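Here is a short report on the empty spaces, ring contacts and backbone oddities of one protein model. Keep the structure open while reading.

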Amino acid sequence: MTRQQLTILGCTGSIGVSTLDVVRRHPERYGVFALCAHSQVDKLFAQCLEFSPRFAVVRDARLADQLATRLRQAGLPTEVRHGVESLVAMAAAPEADAVMAAIVGAAGLEPTLAAVRAGKKVLLANKEALVMAGELFMAAVRASGSILLPVDSEHNAIFQSLPANFGRGLAACGVRRILLTASGGPFRRTPIGALAAVTPEAACAHPNWVMGRKISVDSATMMNKGLEVIEAHWLFACPPERIQVVVHPQSVIHSLVDYEDGSILAQLGNPDMRTPIAHALAYPERIDSGVEPLDLFKVARLDFESPDFERFPCLQLAYDALRTGGTAPAILNAANEVAVQAFLDRRLSFLGIARLIAATLAGLPAGAEGSLADVLAADAEARQLAGRLIHDQRVQ
Ligand code: NAD
Ligand code: MG
């Protein structure tokens with residue numbers, strides 16, 4: 001068997017590390033072509049020692065020099081590159097068969113889109129890229145013949161619960177609704193009055209999943225589910241009114257598809273991202289992911305609730321941005337990224353996150369999605385306005 005060569009964008013993050021753990025179990029199947037990180041040089045160096053990639057990428061020239069020196073001293077031939085152009089080059093390189101898109105946030109858009117345009121097999125964790133530029137992203141998938149495999153656990157579950165030819169349209173496949181499960185995050189039962197004072201530490205303590213800080217805060221506000229509604233819309237060409245969020249606190253059912261004949265198909269498993277990662281890596285085959293088999297007797301019960309849109313206004317903001325269309329989801333995403341960072345830096349309250357996003361959307365008219373440049377311009381404008389609203393303390 002020829003080994004599949006991988007570019008991993010965001011190799012030092014939660015998804016990147018889980019991806020390498022699956023790769024480690026299958027050295028005969030996967031080789032690492034490029035490891036792309038941002039600033040965690042120590043972690044990247046250790047990964048290079050273990051996986052001997054052809055290339056390693058970091059943020060800037062200074063970090064690249066540091067890493068190159070250490071690699072040389074260790075006798076490794078890995079070449080070091082830096083900057084966004086290098087991320088794009090690694091994503092589109094002819095030697096890369098598959099690209100794991102696991103950079104967090106808007107920073108992942110350009111390299112992920114480059115992988116799609118180059119016709120790669122793209123394993124998509126970086127949901128923000130699709131949220132920002134869904135229309136041109138999916139048009140690029142169709143134009144290049146790229147195989148897009150969702151890694152987000154819910155979308156991976158939906159993908160597994162749909163027929164292989166779902167691309168001809170969900171209605172033609174007899175799909176009534178997509179049921180997108182959500183854990184409800186750490187504040188599902190917190191008294192509403194106490195939400196104003198929650199800390200970044202409390203927001204990042206997710207009951208079921210261990211993840212990066214940004215997505216952990218998104219889970220606490222349920223903006224993560226809002227972004228996932230938009231992600232599901234684009235991945236499966238599903239109208240918003242056919243995407244239903246279902247709060248399921250155990251996080252064992254990763255999502256479901258409801259069919260016209262009354263059948264509901266679902267994918268279940270332990271909440272461990274190595275399952276969807278292994279599924280996407282090996283698709284259409286199946287490989288060991290290292291995840292424990294699900295013990296249904298230990299799970300014992302599965303609960304479901306409808307989402308509380310009052311407690312979680314971000315969910316409504318996301319549905320509204322999807323219905324508005326054009327650059328509204330890009331504006332929503334950019335404002336959210338600014339808000340989450342400000343919350344983590346203790347410059348904005350937890351409830352201020354939704355207020356800031358609403359104020360940013362209200363302050364900027366959504367244009368047509370247009371080209372990548374239009375999307376990036378909307379992203380920049382939204383970041384500027386959101387930053388100003390915080391700075392002027394118009395949103396707190
Ligand atoms: P993380 O914060 O743990 O890791 C982010 C990675 O991106 C790191 O390797 C970091 O070096 C890199 N990065 C950050 N900014 C960058 C920049 N400007 N340029 C280049 N690289 C940069 O995040 P994560 O939890 O692994 O999430 C990654 C993506 O996967 C996010 O889009 C998230 O929504 C999605 N996702 C994560 C999970 C999860 O369980 N962690 C589940 C589903 C989806
Ligand atoms: Mg998810």
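Which helices each supply at least two residues of the lining of the largest cavity? They are H13 and H15. The model is a predicted one, and every value below is computed from it.

## The largest cavity

The search finds 1 cavity of 30 Å³ or more. The largest cavity holds about 80 Å³ of space. Its lining is made up of Thr-221, Arg-311, Phe-312, Pro-313, Cys-314, Phe-350, Leu-351, Ile-353 and Ala-354. Helix H15 provides the largest share, 4 residues. By class, the lining has 7 nonpolar, 1 polar and 1 charged residues.

Where does the largest cavity lie with respect to the domains? Domain 2 (153-271 + 304-315) and domain 3 (325-396) both contribute to the lining, so the cavity lies between them.

## The second largest pocket

The second largest pocket has a volume of about 470 Å³. It is lined by 21 residues, and the closest to its centre are Met-138, Val-141, Phe-166, Gly-167 and Leu-235. Three elements each supply at least two lining residues: helix H6 (127-144), strand S7 (147-150) and helix H10 (223-236). Of the elements, H6 gives the most, with 5 residues. The lining of this pocket divides into 14 nonpolar, 5 polar and 2 charged residues.

Why is this pocket placed between two domains? Domain 1 (4-150) and domain 2 (153-271 + 304-315) both give residues to its lining, so the pocket lies between them.

Strand S7 also holds Ile-147. Ile-147 is partly exposed, because its relative accessibility is 46%. The C-alpha atoms of Ile-147 and Leu-361 are separated by 33 Å, and the two residues are 214 apart along the chain.

## Aromatic contacts

How many aromatic pairs does a search of the whole structure find? The count is 7. One of them joins Phe-187 and Phe-350 edge-to-face, at 5.1 Å centre to centre and 80 degrees between the planes. Phe-187 lies in the loop between strand S8 (175-182) and helix H8 (200-204), and Phe-350 in helix H15 (residues 350-363), so the pair ties together parts that are 163 residues apart in sequence. Phe-187 is buried at 5% relative accessible area. Phe-350 is buried too, at 6%. Phe-350 also appears in the lining of the largest cavity.

Phe-309 and Tyr-319 make another pair. Their ring centres are 6.3 Å apart and their planes are at 50 degrees, so this pair is tilted. Phe-309 sits in the loop between helix H12 (296-299) and helix H13 (313-324), while Tyr-319 is in helix H13, so the pair ties together parts 10 residues apart in sequence. Is Phe-309 buried or partly exposed? Phe-309 is partly exposed, with a relative accessible area of 33%. Tyr-319 counts as buried, because its relative accessibility is 7%.

Ring pairs also link Phe-159, Phe-166, Phe-236 and Tyr-283 into a cluster. Within that cluster, Phe-166 is also among the residues closest to the centre of the second largest pocket. Elsewhere, a charge meets a ring. The charged end of Arg-70 sits over the ring of Phe-45, 4.4 Å from its centre.

## Backbone oddities

Most residues other than glycine have a negative phi, and most peptide bonds are trans. The residues below depart from that pattern. Tyr-283, a member of the ring cluster, is joined to Pro-284 by a cis peptide bond, with omega about 5 degrees. Pro-284 is in the loop between helix H11 (274-282) and H12.

Two non-glycine residues with a positive phi are set side by side here.

| Residue | Phi | Loop | Relative accessible area |
|---|---|---|---|
| Met-222 | about 65 degrees | between helix H9 (213-221) and H10 | 3%, buried |
| Ala-300 | near 65 degrees | between H12 and H13 | 66%, exposed |

Met-222 counts as buried because buried means under 20% relative accessible area, and its own value is 3%. Ala-300 counts as exposed because exposed means over 50%, and its own value is 66%.

Key:
Residues numbered from 1 in each chain as written. Chains lettered and ligands numbered in written order. Predicted model: local features only at pLDDT ≥ 70, side-chain atom pairs only at ≥ 80, totals over all residues. Heavy atoms only, no water. 1 Å grid on protein atoms, 1.4 Å probe; cavity = no way out; pocket = protein on both sides within 12 Å on 5 of 7 lines; lining within 4 Å. Points joined across faces, edges and corners; volume = space filled by probe spheres on them. Nonpolar A, V, L, I, M, F, W, Y, C, P; charged D, E, K, R; others polar. Domains from an automatic or database assignment. Phe/Tyr/Trp six-rings, centres within 6.5 Å; stacked < 30°, edge-to-face > 60°. Buried < 20%, exposed > 50% of the residue type's maximum accessible area, 1.4 Å probe, protein only. Lys NZ or Arg CZ within 6 Å of the ring centre and 35° of its normal.
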